[in-house]
Amino acid sequence: MPVGMPEFVENPENRCPVILLLDTSGSMSGQPIQELNRGLAAFKEDVIKDAQASLSVEVAIVTFGPVRLTQDFVTIDHFTPPKLEADGVTPMGAAIEYALDLLEKRKQSYKDNGVHYYRPWVFLITDGAPTDDWGGAAQRVRQEDAQRRMLFFTVGVQGADMHKLRQIAPLERPPVTLNGLDFRSLFVWLSTSMKRVSSGKVGEAVALPPVGWGQITT
């Protein structure tokens, strides 16, 4: 029998992967990036309170001013919220493609190690518009979401180009405009959702809590 990766041997729980795809371009500097950092800390604090979720929920962070893997996949008990800094432009298309590739690699390592996983989540948060070609990325988002390979969520912070985000977001999950800079409520909602998912069976539909932190843009 092949020896699995140590992380899966030590913790064979079903995994609930989530990629946070975070815009850290120059326009996020000042209060927006500070509130985003606080939100990430709240996410860790809230998930860790739930014994099952802290072993099941795996988080990776891809940031884009330049596209960077800021945090590779780790379970919440091993996650240290980073201190993000704002810089650069908004290569959203490249960042989405990078995140989806990262997710495919992670799913493959689950399969190779016999670990079951819930439908992955990708959570895009931006306050701008793509500064690169994003057509291919949008097509891929819609295709993979429709094939139930992931759930893609799009969140626009004040100043975001909601028209373009509507063209990227899956049709049945339009983008949400964040209320002010209430990242904390957004991340507590994400945590509550992750707890619900990780306490259910793989492949089971879960009722998500109401989105009290933003307005759905149709």
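Is Ser193 buried or exposed, and what is its relative accessible area? Keep that one in mind for a second, and keep in mind too that we're looking at a predicted model.

Okay, so Ser193 sits in helix α7. Its relative accessible area is 0%, and the cut-off for buried is under 20%, so Ser193 counts as buried. Who are its neighbours? Leaving out residues up to four places away in sequence, Ser193 touches Trp121, Leu208 and Pro209. Take Leu208 from that list: along the chain it is 15 residues from Ser193, yet their C-alpha atoms are separated by 5.7 Å.

Staying with α7, let's look at how that helix packs. Helix α7, residues 183-198, goes against helix α2, residues 31-48, at an angle of about 25°, and the axes are 8 Å apart. Angles under 35 degrees count as roughly parallel, so that's what we call α2 and α7. The crossing of these two is right-handed. On the α2 side, the contact is made by Pro32, Glu35, Leu36, Gly39, Leu40, Ala42, Phe43, Glu45, Asp46 and Val47. From α7 you get Phe183, Arg184, Phe187, Val188, Leu190, Ser191, Thr192, Met194 and Lys195. Sort the residues of that contact by class and you have 11 nonpolar, 3 polar and 5 charged.

Now over to α4, residues 92-112. How far apart should the ends of this helix be? With 21 residues at 1.5 Å a residue, the expected span is 30 Å, and the end C-alpha atoms are indeed 30 Å apart, so the two agree. After α4 comes Gly114, with a positive phi near 65°.

Which α4 residues are buried? They are Met92, Gly93, Ala95, Ile96, Ala99, Leu100, Leu102, Leu103, Arg106, Lys107, Ser109 and Tyr110. If you're looking for a pattern in that list, remember that an α-helix has 3.6 residues a turn, so residues three or four places apart point the same way.

Last bit: α4 also has a packing partner, helix α5, residues 135-146. Their angle is about 40° and their axes are 8 Å apart. This crossing is left-handed. The α4 residues making the contact are Gly93, Ile96, Glu97, Leu100, Asp101 and Glu104, and they meet Gly136, Ala137, Arg140, Val141 and Glu144 of α5. By class, that contact comes out as 4 nonpolar, 2 polar and 5 charged residues.

So, back to the opening question: Ser193 is buried, at 0%. That's me done, happy to pull any of these up on the screen.

Terms used
Residues numbered from 1 in each chain as written. Predicted model: local features only at pLDDT ≥ 70, side-chain atom pairs only at ≥ 80, totals over all residues. Heavy atoms only, no water. Helix = DSSP H or I, 4+ residues; strand = E, 2+ residues; numbered from the N terminus. Expected span 1.5 Å × (residues − 1). Buried < 20%, exposed > 50% of the residue type's maximum accessible area, 1.4 Å probe, protein only. Axes fitted to C-alpha atoms, helices over the stretch in contact; angles between N-to-C directions. Left-handed = near helix turned anticlockwise from the far one by under 90°. Contact = heavy atoms within 4.5 Å. Nonpolar A, V, L, I, M, F, W, Y, C, P; charged D, E, K, R; others polar. Parallel < 35°, antiparallel > 145°, perpendicular 65-115°, else oblique.
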